[in-house]
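Work through the following exercises with the model open. Each task is followed by a solution in steps.

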Amino acid sequence: MATKNIKKESLDFLKKLAKNNNREWFIEHKDIFTKHQSAIKTFYGVIMENLNKHDQIEKMKIFRIYRDVRFSKDKTPYKTHFAGSFTRMGADRRGGYYLRIKPGETFLATGFFDPNKEDLFRIRKELELDASELRDIFNNKAFKSVWGELEGETVKTAPKGFDKEHPNIDLIRHKQFIFTKKFTDKEVLSKDFLKKVDDSFKAIRPYFDLMSSVLTTNLNGESLIS
């Protein structure tokens with residue numbers, strides 16, 4: 001099974017799994033799943049190789065197909081997608097990369113999905129002081145053509161201790177600072193999908209570089225990394 005491109009058979013398998021999301025069917029077809037899983041892992045490995053040409057990646061994580069149903073109303077046992085993430089190396093490199101492959105719902109995600117309490121407060125204090133550099137990145141035509149608008153959960157009015165009338169409150173309200181990019185199945189199966197993924201990840205770097213600078217310094221610009 002070729003590994004440098006996503007194959008239609010892999011998407012077809014996920015479609016069949018969605019229609020037969022039960023242990024009996026999965027066990028019967030597990031050998032087929034294993035072949036597709038192996039090809040997908042290799043595909044993600046190539047993504048990591050490409051990332052390491054312009055970034056430094058500490059680890060790649062391929063998520064398991066098995067769902068945790070303990071606290072979910074949906075008791076179907078299997079995910080109907082493949083997914084993996086890439087963690088940047090070192091305390092001075094912040095942000096992360098993610099790709100989910102699912103028929104009709106494939107997307108990339110980057111940014112800060114669940115910043116800890118200290119990081120979130122540091123980001124908000126920076127935005128309270130000055131958000132012009134961040135807005136310049138978000139409003140850049142090349143950046144916006146790839147990633148669109150900032151996404152993520154927000155508080156309703158203003159975080160505790162912040163002025164709800166602050167001119168940057170639209171950004172300060174964010175609890176997540178993420179971007180996503182969707183792909184059609186045709187794009188996923190195309191020969192240049194790997195390049196599109198890599199080009200998209202390259203385009204996020206100005207955002208990562210700025211946020212990494214913010215999160216590794218205090219408001220006086222002094223390094224927090226010993």
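**Exercise 1.** Identify the bridge partner of Ala 83 in β3, then describe how β2 and β3 pair.

Solution. Step 1: Ala 83 has Arg 100 as its bridge partner in β3. The model is a predicted one. Step 2: the pairing of β2 with β3 is antiparallel and runs over six bridges.

**Exercise 2.** Follow the pairing from β3 to β4 and on to β5.

Solution. Step 1: β3 and β4 are joined in the antiparallel sense by five bridges. Tyr 98 lies opposite Ala 109 of β4. Step 2: the hairpin of β3 and β4 has four residues between its strands, and Gly 104 there adopts a positive phi near 80 degrees. Step 3: β4, residues 106-112, pairs with β5 over seven bridges, again in the antiparallel sense. Gly 111 has Ile 178 of β5 as its bridge partner.

**Exercise 3.** Write down the strand order of the sheet and explain why β1 and β5 each have one side without a neighbour in it.

Solution. Step 1: the sheet is open, with five strands in the order β1-β2-β3-β4-β5 and antiparallel pairing. Step 2: β1 (57-62) and β5 (177-183) are the edge strands; each has a single partner strand, so one side of each lacks a neighbour in the sheet. Step 3: from one strand to the next, the twist averages 15 degrees.

**Exercise 4.** Determine which strands helix α3 touches, and what it contributes to the largest nonpolar core.

Solution. Step 1: α3 (residues 30-51) packs on the sheet and touches β1, β2 (82-88) and β3 (96-101). Its direction makes about 25 degrees with that of β2. Step 2: the largest nonpolar core contains 54 residues, and Phe 43, Ile 47, Ile 101, Phe 138 and Tyr 207 have the most contacts inside it. Step 3: α3 supplies eight residues, the largest share of this core. Step 4: leaving out residues up to four places away in sequence, Ile 47 touches Phe 86, Leu 99, Leu 194, Val 197 and Phe 201.

**Exercise 5.** Is His 81 buried or exposed? Decide also how far β3 is enclosed.

Solution. Step 1: His 81 sits in the loop between β1 and β2. Step 2: the cut-off for buried is under 20% relative accessible area; His 81 is at 17% relative accessibility, so it counts as buried. Step 3: beyond its neighbours within four places in sequence, His 81 contacts Leu 14, Ile 65, Arg 100, Ile 101 and Lys 102. Step 4: in β3, five of the six residues are buried, so this strand is largely enclosed by the rest of the structure.

Conventions
Residues numbered from 1 in each chain as written. Predicted model: local features only at pLDDT ≥ 70, side-chain atom pairs only at ≥ 80, totals over all residues. Heavy atoms only, no water. Pairing = 2+ DSSP bridges. Helix = DSSP H or I, 4+ residues; strand = E, 2+ residues; numbered from the N terminus. Axes fitted to C-alpha atoms, helices over the stretch in contact; angles between N-to-C directions. Contact = heavy atoms within 4.5 Å. Buried < 20%, exposed > 50% of the residue type's maximum accessible area, 1.4 Å probe, protein only. Core = buried A, V, L, I, M, F, W, Y, C linked by side-chain atoms within 4.5 Å.
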